[in-house]
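This report describes a structural model under short headings. The sequence and the structure are shown first, and the description follows.

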Amino acid sequence: MHKVTHEELILSNASLGFNLDNLTKLSSVDFINRSFPGINVYQLLKELNSVLAPITSSRADKIITLQDPPPILDITFQYIGPPGNGKTLKLRRTFSYDPELIVSHDYFYIPPSARQKGIGKTVLESCLKQYENMDVKRIKVHAGLEDGGYVWAKAGFKATNYEEVNLILEVAKDKLKGDDLSDVVDIHTHYYQEEPKGNKFPMEQWARLDCMKDILRGSDWHGQIDLTNPNEKANFKNYVSKRR
Amino acid sequence: MFPKDVDYREEAHIGEELFDDLSYELERQCMVVQSTVEKGIFSLERALKSYKVQKEDYDNFLAKQQYEILQKSIYGSSNANAEDLSSFSVLYKLFNKLVIIHPKNPFKKTLNEFQHALEKKHLKL
């Protein structure tokens, strides 16, 4: 298992430009190794920097924040350009405990000119590698805005909030009819009969119905991938892996 | 530390990069068909129709899945190459396990004749 060293943190600052904001009572090295064992911070930051730095026109804000209690490790990489310059870039990952180790995909936005070039996939793959090193149990996401509600459903994230799923169902009831509506209702009914108030609603079963595409595009929900579930982990890994 | 930013999320354009492999997308579509059928939500016919999957594509998906299961059961987690797996001896062993040992084996006579013929030519299964 990798142990973070003082030299690595110095390099993260000196060669990659990441500032460390330590709000804990421990040294950064001790805190990271105690609360987030296994992470190779320098490797992760180096990989993020190699793909994200070239697409910002100016110096980005790069910050690692450590907090305790409760233990939180926050990695932020962002550049906010003048309005309309099309250079804004934002990435944030937050590690915490709930009660097991989880990572929150708070946000990830790249400028239009840098999209569809594999940058998103590369970053997700680098992150996943560290989640495996750290034995992260769940990846959490807040799906919404633009088409996020549809895309993250299709990528296999499960919805955790019963009320949010019900809201989407109500929209579907307004907009769909016949067999399309029956499909949507049957998936919902089956899951919540088996798991009343369950927190792993299989959004992908909805997302892969053509009739749900537009409805999910306008939706807003919280989701997660359970990395302790071999199928969920393998499916997500297949998506972000370039070796496929 | 930055405050949580409500104007940004894990954006859709990041996820869209994941869907560029059409063959994997078809596989995922088939996986959803399989899960809804296995869980008893839909009949196979309805699932294929609802998810717009051709029966032939679904059969190919199942065949690939079975192939991977067989590969793992024979070779464990190590990577076996396709030539090894499709070699005659492996197929013979599978056939033997599935059919020959069955008490009502309808192929017993044929197989005995086949083995006999091979032995005459000094070949062995």
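## A bridge in the sheet of chain A

Which residue is the bridge partner of T65(A) in β3(A)? The partner is D74(A). The model in which this pair occurs is a predicted one. The bridge between T65(A) and D74(A) belongs to the pairing of β2(A) with β3(A), where seven bridges join strands that run antiparallel. A hairpin of four residues makes the connection from β2(A) to β3(A).

On its other pairing, β2(A) is joined to β1(A) by four bridges, and these strands run parallel. Within that pairing, N19(A) stands opposite I63(A) of β2(A). Five of the seven residues of β2(A) are buried, so the strand is largely enclosed by the rest of the structure.

## Sheet order and edges

The strands discussed above belong to an open sheet of eight strands in chain A, with mixed pairing and the order β1-β2-β3-β4-β5-β6-β8-β7. The edges are formed by β1 (19–22) and β7 (158–159) of chain A; each has a single partner strand, so one side of each is left without a neighbour in the sheet. Strands of a sheet pair through backbone hydrogen bonds, in either the parallel or the antiparallel sense.

At the β7(A) edge, the partner is β8 (residues 221–226) of chain A, and two bridges join the strands in the antiparallel sense. There, K158(A) stands opposite Q224(A) of β8(A). Helix α3 (residues 41–52) of chain A packs on the sheet and touches β2 (61–67), β3 (72–79), β4 (89–97) and β5 (101–109) of chain A. The direction of this helix makes about 15° with that of β3(A).

## A buried lysine and the nonpolar core

Strand β4 of chain A contains K90(A). Is this lysine, K90(A), buried or exposed? With a relative accessible area of 2%, K90(A) is buried. The side chain of K90(A) makes a polar contact of 3.1 Å with the side chain of Q78(A).

In soluble globular proteins, nonpolar side chains tend to be buried together. The largest nonpolar core here has 90 residues, and those touching the most other members are L52(A), F95(A), W152(A), W206(A) and M212(A). Leaving aside residues up to four places away in sequence, W206(A) touches V165(A), I168(A), L169(A), V184(A), I187(A), H188(A), F201(A), M212(A) and L216(A). M212(A) is thus found both among the core residues with the most contacts to other members and among the contacts of W206(A).

## Backbone features in loops

Most residues other than glycine have a negative phi, and most peptide bonds are trans. Two peptide bonds of chain A are described here as cis. One runs from P69(A) to P70(A), with omega near -15°, and P70(A) lies in the loop between β2 and β3 of chain A. Another runs from D98(A) to P99(A), with omega near -20°; P99(A) is placed in the loop between β4 and β5 of chain A.

Positive phi values occur at a lysine in each chain. K197(A) has phi near 60° and lies in the loop between α7 (178–194) and α8 (203–207) of chain A. K52(B) has phi of about 55° and is placed in the loop between α3 (44–50) and α4 of chain B. K197(A) counts as exposed at 59% relative accessibility, and K52(B) likewise counts as exposed at 59%.

## The helical chain B

Chain B has seven helices and zero strands, following the pattern α-α-α-α-α-α-α along the sequence. Of its 125 residues, 32% count as buried. The accessible surface of chain B is about 8700 Å², with 57% belonging to carbon and sulfur atoms. Among contacts in chain B between residues at least 6 apart in sequence, 29% join residues at least 24 apart.

K55(B) lies in helix α4 (residues 55–75) of chain B. This residue, K55(B), is partly exposed, with a relative accessible area of 43%. Not counting residues up to four places away in sequence, K55(B) touches L44(B) and L48(B). K55(B) and V33(B) are 22 residues apart in sequence, and their C-alpha atoms are 11 Å apart in space.

Note on methods: Residues are numbered from 1 along each chain as its sequence is written. Chains are lettered from A and ligands numbered from 1 in the order in which they are written. This is a predicted model: local features need pLDDT of at least 70, side-chain atom pairs count only at pLDDT 80 or more; totals for chains, interfaces and linings use all residues. Side-chain values use heavy atoms; hydrogens and water are left out. Two strands pair if DSSP finds at least two bridges between them. Contact means heavy atoms within 4.5 Å. Axes are lines fitted to C-alpha atoms, for helices over the stretch in contact, and angles run from 0 to 180 degrees between N-to-C directions. Buried means under 20% relative accessible area, exposed over 50%, partly exposed in between (1.4 Å probe, protein chains only). A polar contact is a pair of N or O atoms within 3.5 Å; within protein, one must be able to donate a hydrogen and the other to accept it, and residues adjacent in sequence count only if both atoms are side-chain atoms. Accessible areas come from the Shrake-Rupley method with a 1.4 Å probe; for residues, only the protein chains shown count as cover. A nonpolar core is a set of buried Ala, Val, Leu, Ile, Met, Phe, Trp, Tyr and Cys residues joined through side-chain atoms within 4.5 Å.
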